[in-house]
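Here are my notes on this one, point by point. Charged pairs come up before the sheet and the cores.

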Amino acid sequence: MPSSKSLRNYSRTSKRPRRPFEKERLDSELKLVGEYGLKNKREVWRTRLVLSKIRSTARSLLTLSDKDERRIFEGEALIRRLHKYGILDVEKNKLDYVLGLKIEDFMQRRLQTMVFKLSLAKSIHHARVLIKQRHIRVRTQMVDVPSFLVRTDSEKHIDFALTSPLSVNGKPGRVKRKKINAKANKEKEGGEGEGGDAAAEEQE
C-alpha cells in the first residue's frame, strides 16, 4: 500500500506575483481584501490563479476551428460550469466572454459574500466569523469554508445551521445558557428566602 506522502497533491494553489512591489497591483489587492473581507492576499492570488487557468483554457480552445470536436465538447463544458456557479451570465454562451472574466466575478460567488448579501451577517467580516464558527449551512450541508463557491440553485438554501443557536429552533448558546441558569438560581434563592421569613413569623 502506498504511503500517505506519495498520495499528497503538491500542485500549487496560489501563485505569487512576479513584481512584488508594484504600486497599482498592491492597491487593487488591498481594496479586494477590504471589500470582500479576505484573510490575506494569498486568497486573492489563489482566485487569480484559477481565473488565469480558465482563461488560458478558453484561449487555447479559441485557436481551434469552430467545428472542431474538442472545442465544441470542452468549450460547452467550461461555459456550463461557469453558468452553474453564476460566474458567467446565462445569456453569455461564447468562449469570448470567458476571456472577459474578472476576479470580482469569482469573489461575488463566495459563501462569505453571499451570507452578507442575504443579511444573515452585520458585515462582511461578521459573515466570515459565522462561517468559521459553523453557523451557516448550504441546503443540508454545514459549510465552514468562507471561499466556498455557491451554485445558482443553492443560493436560496443558505441559512443558519440547524444546530446553531442563531437558528429559529436552535439550542441556546453558552452565554444564554449561563444567563438562564443564573436567573433560575436567583429565583430559587429568592423563593427559599421568602419561605424562611414566613416560617420565622409563624413561630413568633
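A salt bridge here is a side-chain nitrogen of Lys or Arg within 4 Å of a carboxyl oxygen of Asp or Glu. Keep in mind that we're looking at a predicted model.

1. The charge network. With that cut-off, the structure holds 12 salt bridges. Some of them join up: R25, E29, K41 and R48 are linked in a network of salt bridges.

2. A pair inside one helix. E43 and R46 form a salt bridge, with 3.7 Å between the closest N and O atoms. Both residues sit in helix α2 (residues 41-62), and they are three residues apart, about one turn of the helix. Their surroundings are worth a look: E43 counts as buried at 6% relative accessibility, whereas R46 is partly exposed with a relative accessible area of 30%.

3. R71 with D66. The side chains of R71 and D66 meet in a salt bridge at 3.0 Å, N to O. R71 is the buried partner, with a relative accessible area of 17%, while D66 is exposed at 59%.

4. A loop-to-loop pair. R139 and D153 also meet through their side chains in a salt bridge, 3.8 Å from N to O. R139 belongs to the loop between β1 (136-138) and β2 (141-142), and D153 to the loop between β2 and β3 (158-160), so this pair ties together parts that are 14 residues apart in sequence. R139 is partly exposed, with a relative accessible area of 37%, and D153 counts as partly exposed too, at 45%.

5. The arginine I'd flag. In general, side chains of opposite charge can pair when their charged atoms come close. So which side chain of opposite charge is nearest to R137, and how far away is it? The answer is D159, 4.0 Å away, and R137 is buried yet has no salt bridge. What R137 does have is a backbone oxygen, that of F160, lying 2.9 Å from a polar atom of its side chain. Leaving aside neighbours within four places in sequence, the contacts of R137 include M142, H157, I158, D159 and F160.

6. The sheet around R137. R137 lies in strand β1. The sheet is open and has three strands in the order β2-β1-β3, with antiparallel pairing. β2 and β3 stand at the edges with a single partner strand each, so one side of each is left without a neighbour in the sheet. Between β1 and β3, which run antiparallel, there are three bridges, and I136 has F160 as its bridge partner in β3. F160 thus turns up twice in these notes, as that bridge partner and as the residue whose backbone oxygen lies 2.9 Å from the R137 side chain.

7. The cores. The largest nonpolar core has 21 residues, and V44, L78, L82, L95, V98 and L101 are those with the most contacts inside it. Two or more residues each come from α1 (23-35), α2, α3 (69-84), α4 (95-99) and α5 (103-107). α2 gives the most, with five residues. For a closer view, pick L82: not counting residues up to four places away in sequence, L82 touches I54, I87, L88, V98 and L101. Apart from this core lies another, of 14 residues, with L120, A127, V138 and I158 among them. I158 is also one of the contacts of R137.

Key
Residues numbered from 1 in each chain as written. Predicted model: local features only at pLDDT ≥ 70, side-chain atom pairs only at ≥ 80, totals over all residues. Heavy atoms only, no water. Helix = DSSP H or I, 4+ residues; strand = E, 2+ residues; numbered from the N terminus. Buried < 20%, exposed > 50% of the residue type's maximum accessible area, 1.4 Å probe, protein only. Lys, Arg positive; Asp, Glu negative; His and termini not counted. Polar contact = N/O pair within 3.5 Å; in protein donor to acceptor, adjacent residues only side chain to side chain. Contact = heavy atoms within 4.5 Å. Pairing = 2+ DSSP bridges. Core = buried A, V, L, I, M, F, W, Y, C linked by side-chain atoms within 4.5 Å.
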